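Trainee: Please take a close look at one part of this model. Walk me through it in one go, then set it against the charged contacts elsewhere.

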Amino acid sequence: MKKTGFFIAFFLLSGQILWSQSLKYIDIPNIGEYVTLKCDFHIHTVFSDGNVWPTVRTKEARMEGLDAIAITEHVEFRRLHDQGYINGDHNTAYEIAKSAGNKNFFVIHGSEITRRMPPGHWNAIFIEDGNKLDTKEYMDAFKEAKAQNAFIFWNHPGWWSQAPNETVWLPEHTKLYEEGYMHGIEVVNSSWYFPEAHAWALEKNLTMLGNSDTHSPMAYNEYYIASGHRPMTLVFAKEKSAQGIRNALDDRRTVIYHEDKIIGAEKWVRPLFDSCLRVTRIARSKTRREMTVYVKNVSCLTFKLVKKDQNEQLNYLRDKNVNPYEEFSMRVRYPEGMTGKWELNFVVTNWLVGPNEGLKWVIPLEK
Ligand SMILES: [Zn+2]
Ligand SMILES: [Zn+2]
């Protein structure tokens, strides 16, 4: 009897371990008072031109360790519906997916307003009724989205099909921006990073988004195969809830996780960097003119450090790729008679705070 109890406990426990292993954990720390939530606000299913059922989307996202997704079907393009294979309206995909939502995973109602350029494709999320966005004139769809208190952003502004030669901002975009219809912009969509959108977001104080725009099963996407994760928007929320996410989007509290890159405004990239990569100790040699700086990466993210603008008198490593959870040390040699405060200077070339511009990292030293 005792033995049976032991085996039952063992199997229950091993089952739990297997279950927890099937959910991937993307280990990115919180920053300060904010919880870091992993979100994908641009996803398709068979209800527009995607290839999977809505509940597959929620399952994929949960297995990948995401905290929130928005289902955003094209309003104007519903291939399987128009061919007669799929019934339902512009809310059906969300209605099916939303049952997967709970206090740890949020399914957000959205639609993709899908027009020729200008103005191109736009997502309205946190909507109430996608059917009302099905209008003849695009401005009427924007007005309706705004009336529903949606968060609205410009999708894939550099998509080759709509921007074949360059990523351009047109007078129609100025009008949408000035009249309060543009709250954010996709700086990353699927495999693409748009440096122009990065610059516009900084200039115009738009929320930066990075989304998958997946149409296939997630594991079929090239970006997923290449990097092991989808592009996602990291949201810094005051509370883990749908409203917390919405407030963070309104307040521009996001960065993007794309391949091995973090992309955003320095205001949010910097504190995330500081919570991931930490100087744990600085040891000074008593006998030699050198000190050792110990560094620890507490996250699953990587860092490409390149020495830049260094004090010529200091001798330390030229570059370093920091792997997830890596701990390492740097020996710093200094000349005789050097006193006061110095700095080690690096650029983190895969943490972008402007169009293709890396974050600066300064380690202050004192002798
Ligand atoms: Zn689109
Ligand atoms: Zn799309």
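Mentor: Asp213 is buried, at 13% relative accessibility. Buried means under 20% relative accessible area, exposed over 50%, and partly exposed in between (1.4 Å probe, protein chains only). The model is predicted: local features need pLDDT of at least 70, side-chain atom pairs count only at pLDDT 80 or more, and totals for chains, interfaces and linings use all residues. Residues are numbered from 1 along each chain as its sequence is written, chains are lettered from A and ligands numbered from 1 in the order in which they are written, and side-chain values use heavy atoms, with hydrogens and water left out.

Asp213 (OD) is a donor to the zinc ion (ligand 2), along with His42 (NE2), His44 (NE2) and Glu112 (OE), at 2.0 to 2.4 Å. Donors are N, O and S atoms within 2.8 Å of the metal (3.2 Å for Na, K and Ca); water is not among the atoms, so sites may look incomplete. The spacing of the donor residues is H-x1-H-x67-E-x100-D. The 4 donor atoms subtend angles of 79 to 167°, so the arrangement is irregular. Four donors are tetrahedral if all angles lie between 85 and 135 degrees; four are square planar and six octahedral if opposite donors are over 155 degrees apart and all others between 65 and 115; anything else is irregular.

Glu112 also coordinates the zinc ion (ligand 1), 3.4 Å from the zinc ion (ligand 2). His44 and Asp213 link distant parts of the chain, 169 residues apart. His44 sits in the loop between β1 (35-40) and α2, Asp213 in the loop between β8 (207-211) and α8 (222-227). Helices (H or I, at least four residues) and strands (E, at least two) are DSSP runs, numbered from the N terminus. His44 is buried, at 0%.

Now the charged contacts. The whole structure holds 21 salt bridges, each a side-chain nitrogen of Lys or Arg within 4 Å of a carboxyl oxygen of Asp or Glu. One joins Asp67 to Lys240, with the closest N and O atoms 3.5 Å apart. Asp67 lies in the loop between α2 (54-63) and β2 (68-74), and Lys240 in the loop between β9 (232-237) and α9 (242-250), so the pair ties together parts 173 residues apart in sequence. Asp67 is buried, at 8%. Lys240 is partly exposed, at 34%.
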